[in-house]
Amino acid sequence: YLEKIKEAETNAILPNTQDLEGAAAGLGNLQHVYKLPISHLAQGRVLNNFTSVELDEWDWIRIGDANYRRQKYVAAWFWYNHVRTYAEDLNLINHANELIKNVEIAHDTNWVNTADFFGHPLSEVPLQPPRTTAELQMCRGETSG
């Protein structure tokens, strides 16, 4: 029996770090494009579909990190802010605050007037809604192509 378990472990194809990074970035993109509440995704809920998989605070940070590395600063900011808002662990909240500072610096340093950035540098307007473009509206079915 143990030999079969070891053989299964040896032959199993598991996701690698790059696969997990892509999945995390994909969740950030889904949330951003479709304006899905992060709290719903954290509960394993997409629209009216529920799964048994819930995301914890460290998953929220991983999703923010994956988006940050892809220069998706709006998505990263929202995931880190979710940690800052809903986590109970003070060390984790302080960590999220530091990550948000890094996002704000990178956002403002690289700021261009596109959907991947907030409408204004965060140093000028700290709290602002994400940008809506015709492409994003079409993805959400809000306009006809």
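Among contacts in the protein chain between residues at least 6 apart in sequence, what percentage join residues at least 24 apart? The figure is 47%. Keep that in mind on this tour, and remember that what you have open is a predicted model.

**Stop 1: the whole chain**

Start with everything shown as a cartoon. You should find seven helices and two strands. Walking from the N terminus, the elements go α-α-α-β-β-α-α-α-α. Now switch on the surface. The accessible surface is about 9500 Å², and carbon and sulfur atoms account for 54% of it. The chain has 145 residues, of which 32% count as buried.

**Stop 2: the beginning of the chain**

Select Tyr1, Leu2 and Ile5. Together they make a nonpolar surface patch of about 400 Å². Click on leucine 2, which sits in helix α1, residues 2-11. With a relative accessible area of 61%, leucine 2 is exposed.

**Stop 3: helix α2 and its crossing with α4**

Next, colour residues 17-34, which form helix α2, and residues 57-69, which form helix α4. Two packed helices are described by the angle between their axes and the distance between the axes. For this pair, the axes come within 8 Å and cross at roughly 90°, so α2 and α4 are roughly perpendicular to each other. To see who makes the contact, show Glu21, Ala24, Ala25, Leu27, Gly28 and Asn29 on the α2 side, and Arg62, Ile63, Ala66, Asn67 and Arg69 on the α4 side.

While you're here, pick glycine 26, also in helix α2. Glycine 26 is partly exposed, at 28% relative accessibility. Draw a distance line from its C-alpha atom to that of alanine 66: the two residues are 40 apart along the chain, and the line spans 9.0 Å.

**Stop 4: salt bridges around Glu21**

Show glutamate 21 as sticks, then add arginine 69. The two form a salt bridge, with their closest N and O atoms 2.7 Å apart. This pair links distant parts of the chain, with arginine 69 in helix α4 and glutamate 21 in helix α2, 48 residues apart. Are the two partners buried or exposed? Arginine 69 counts as exposed at 51% relative accessibility, while glutamate 21 counts as buried at 19%.

Now add arginine 70. It also bridges to glutamate 21, and here the closest N and O atoms are 3.3 Å apart. Arginine 70 lies in the loop between α4 and α5, 49 residues from glutamate 21. At 39% relative accessibility, arginine 70 is partly exposed.

Slide along α4 for another bridge: the side chains of arginine 62 and aspartate 59 meet at 2.9 Å, N to O. Both residues are in helix α4, three residues apart, which is about one turn of the helix. Arginine 62 is partly exposed at 47% relative accessibility, and aspartate 59 is partly exposed at 21%. As for Glu21, Arg69 and Arg70, salt bridges with shared partners join them into one network. The count of salt bridges in the model comes to four.

**Stop 5: helix α5**

Keep α2 coloured and select residues 73-86, which make up helix α5. The axes of α2 and α5 are 10 Å apart, and the helices pack at an angle of about 95°. That makes α2 and α5 roughly perpendicular to each other, because angles from 65 to 115 degrees count that way. The residues in contact are Leu27, Gly28, Gln31 and His32 from α2, and Val74, Ala75 and Trp79 from α5.

Within helix α5, find histidine 82. Which residues does histidine 82 touch, not counting residues up to four places away in sequence? They are Ile38, Ser39, Trp60 and Ala87. With a relative accessible area of 7%, histidine 82 is buried.

**Stop 6: two positive phi values**

Most residues other than glycine have a negative phi. Select lysine 35 for a positive value, near 55°. You'll find lysine 35 in the loop between α2 and α3, and it is partly exposed, at 46% relative accessibility.

Finish with leucine 47, where phi is also positive and near 55°. Leucine 47 belongs to the loop between β1 (45-46) and β2 (49-50). It is exposed, with a relative accessible area of 58%.

Technical notes:
Residues are numbered from 1 along each chain as its sequence is written. This is a predicted model: local features need pLDDT of at least 70, side-chain atom pairs count only at pLDDT 80 or more; totals for chains, interfaces and linings use all residues. Side-chain values use heavy atoms; hydrogens and water are left out. Patches are made of residues with over 30% relative accessible area and no salt bridge: like charges are joined within 9 Å, nonpolar side chains (Val, Leu, Ile, Met, Phe, Trp, Tyr) within 5 Å. Accessible areas come from the Shrake-Rupley method with a 1.4 Å probe; for residues, only the protein chains shown count as cover. Helices (H or I, at least four residues) and strands (E, at least two) are DSSP runs, numbered from the N terminus. Buried means under 20% relative accessible area, exposed over 50%, partly exposed in between (1.4 Å probe, protein chains only). Contact means heavy atoms within 4.5 Å. Axes are lines fitted to C-alpha atoms, for helices over the stretch in contact, and angles run from 0 to 180 degrees between N-to-C directions. Angles under 35 degrees count as roughly parallel, over 145 as roughly antiparallel, 65 to 115 as roughly perpendicular and the rest as oblique.
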